[in-house]
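Work through the exercises below with the sequence and the 3D structure open. Each task is followed by a solution in steps.

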Amino acid sequence: MPDYSVLRYYYYLDDEADKLKGLPATLQNHLSLKLYNPRDYNEALTQGVYYELETANVKVLIIGLNYNDSDWQTNLSLLASCEEKAGIGGDNLVGTASVLCGYGDEWETLLEAAARNIAVKELIAAEIDRGRIARVFDSRAKGETFYICRLDEYTALNQRFLLEGLPQLQARVIRLQMIISLLRDRHQTIVREKEDLDRKLSQILHTHLVTEKSCLEESIGLENQIDELSGSYGMIAGDYALLSEDCKKINSLLRELNQQFRVQPGLKMDAEVYNRFIQPYETRRTEMLESLEELRVSRENHRAAIEVVRSKIDILNSRANIATQEQIKELMEVNTQIQKQSLVFQYAAGLIEFIVLAYYSHSLWSHLAHNAYLAIPGWIQFLAVMIFSGNTVYCTHLMAEYLQGETHVRKKLWFTGLSLLLIFIVIVIGTLFTGKSPAH
């Protein structure tokens with residue numbers, strides 16, 4: 001006689017433990033429910049069995065029903081009714097998985113019976129000890145998964161797999177699905193951010209191209225663009241690091257899932273079936289790896305763009321320096337001409353100063369000491385006036401340089417001043433002595 005039973009795995013967190021513990025008590029009102037002992041259980045399910053375990057950072061409540069040799073629909077309805085009475089719903093659970101077990105019927109008959117109770121959307125089958133199991137429905141949005149299992153006979157190995165191994169395996173799958181779902185939102189945000197930054201980069205590079213054909217931008221404008229590119233580069237680098245860590249996380253979870261498949265008792269799954277099972281997660285990992293490569297390229301593009309703009313600034317500064325040097329050269333040439341003209345004017349002024357001083361010194365000498373003037377020979381007068389005037393002009397020039405801060409002329413100034421004083425004293429003494437002699 002065919003035997004139809006239902007196993008359901010409830011995955012929950014610690015804060016929902018009290019509510020989940022009420023479900024076995026509610027079921028006790030309808031059937032005999034006993035605790036599964038993994039060390040000595042090796043026979044067919046009785047009316048009901050329950051078992052609790054913790055794996056992959058979640059807790060699992062396992063309920064097995066075989067209510068009065070009824071069909072799957074009756075067992076599923078009883079579970080739904082007791083869940084409602086216990087107040088258990090999607091808000092309390094991380095996810096659920098149900099196994100529709102059949103004993104004594106063919107595989108095709110079980111599939112037809114399952115299709116009358118659930119939506120059979122896939123068929124990923126594997127062999128277990130004295131039986132076969134297949135995942136036929138998996139809704140990540142609803143957090144529900146359904147399996148169909150056909151047993152040729154009840155063995156300790158297949159019972160251990162259904163009550164221990166498969167719940168642990170499904171916990172890894174749920175954890176992987178949850179993390180991928182969380183990472184998907186961040187992945188999409190990173191992709192949108194990268195696209196926006198790439199558009200800005202394209203606009204900046206286009207602006208550089210147009211600038212090359214029209215006129216050079218000012219250095220301050222290029223520096224602002226470097227600031228913008230540096231900010232974008234920092235965001236891309238940060239996103240690259242985040243996505244890289246996400247890819248490593250998924251790789252680690254897939255390795256854990258693969259290891260979990262390998263250690264399951266009595267499970268025989270070839271590589272093709274395993275690849276079909278994890279294909280959605282591999283697809284997500286591939287998409288993330290592709291985005292990671294795109295981020296790497298975008299990061300390199302931003303780095304290259306920063307170097308391009310810096311090169312533009314260097315070229316612009318070089319051209320500005322060359323233009324400045326040309327202007328400095330022109331100014332130096334003008335300054336040289338001015339200095340030449342100033343030197344000519346200085347010579348002319350000095351000559352005029354010398355002539356004026358010599359003239360007025362001679363006139364003043366002749367008026368103040370007329371007798372001496374007449375007594376001193378003319379050539380002596382000429383030499384005395386020339387020496388006095390020349391020395392006076394030279395002394396005034398040294399004085400002007402000293403007052404402007406040219407301290408190195410101090411010795412010359414002292415020497416010239418003393419010479420001028422000595423000449424003046426000689427002239428005064430000569431004038432006094434010659435002025436006392438009678439004029440002839």
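**Exercise 1.** Classify Phe433 as buried or exposed, and place this residue in its helix and on the surface.

Solution. The model is a predicted one. Step one: the relative accessible area of Phe433 is 59%. Step two: the cut-off for exposed is over 50%, so Phe433 counts as exposed. Step three: Phe433 belongs to helix 9, residues 410–436. Step four: Phe433 contributes to a nonpolar surface patch of about 940 Å². Other members of that patch include Trp414, Leu418, Phe424 and Ile429.

**Exercise 2.** Check whether the length of helix 8 agrees with its number of residues, then list its buried positions and say what follows the helix.

Solution. Step one: helix 8 covers residues 378–403, which is 26 residues. Step two: at 1.5 Å a residue, the helix should span 38 Å. The expected span uses one less than the number of residues. Step three: the C-alpha atoms at the two ends are 37 Å apart, which agrees with the expectation. Step four: the buried residues of helix 8 are Gln381, Ala384, Val385, Phe388, Ser389, Asn391, Thr392, Val393, Cys395 and Leu398. Step five: Gly405 follows helix 8 and has a positive phi, near 105°.

**Exercise 3.** Determine which strands stand at the edges of the sheet.

Solution. Step one: the sheet is open, has 8 strands and shows mixed pairing. Step two: the strand order is 2-3-4-1-5-8-7-6. Step three: strand 2 (34–35) and strand 6 (124–128) each have a single partner strand, so one side of each lacks a neighbour in the sheet. These two are the edge strands.

**Exercise 4.** Describe how strand 1 is enclosed and how it pairs with strands 5 and 4.

Solution. Step one: 10 of the 10 residues of strand 1 (residues 3–12) are buried, so the rest of the structure largely encloses this strand. Step two: in a regular strand, side chains alternate between the two faces of the sheet. In strand 1, Asp3, Ser5, Leu7, Tyr9 and Tyr11 point one way, while Tyr4, Val6, Arg8, Tyr10 and Tyr12 point the other way. Step three: strand 1 runs antiparallel to strand 5 (residues 95–103), with 9 bridges joining them. Within this pairing, Ser5 is partnered by Cys101 and Tyr11 by Gly95. Step four: strand 1 is also antiparallel to strand 4 (residues 58–65), over 7 bridges, and Arg8 lies opposite Ile63.

**Exercise 5.** Follow the sheet from strand 5 to strand 8 and on to strand 7, giving the sense of each pairing.

Solution. Step one: strand 5 is mostly covered, with 8 of its 9 residues buried. Step two: strand 5 and strand 8 run parallel and are joined by 8 bridges. Ala97 has Thr145 of strand 8 as its bridge partner. Step three: strand 8 (residues 144–151) and strand 7 run antiparallel, again with 8 bridges. Here Thr145 is found opposite Asp138.

**Exercise 6.** State where Ser139 lies, whether it is buried or exposed, and what its side chain reaches.

Solution. Step one: Ser139 is in strand 7, residues 131–139. Step two: the relative accessibility of Ser139 is 13%. The cut-off for buried is under 20%, so Ser139 counts as buried. Step three: the Ser139 side chain reaches the backbone nitrogen of Lys142 at 3.2 Å.

Definitions and conventions
Residues numbered from 1 in each chain as written. Predicted model: local features only at pLDDT ≥ 70, side-chain atom pairs only at ≥ 80, totals over all residues. Heavy atoms only, no water. Helix = DSSP H or I, 4+ residues; strand = E, 2+ residues; numbered from the N terminus. Buried < 20%, exposed > 50% of the residue type's maximum accessible area, 1.4 Å probe, protein only. Polar contact = N/O pair within 3.5 Å; in protein donor to acceptor, adjacent residues only side chain to side chain. Pairing = 2+ DSSP bridges. Patch = residues over 30% accessible without salt bridge, like charges linked within 9 Å, V, L, I, M, F, W, Y side chains within 5 Å. Areas by Shrake-Rupley, 256 points an atom, 1.4 Å probe, with all protein chains shown as cover. Salt bridge = Lys/Arg side-chain N within 4 Å of Asp/Glu carboxyl O.
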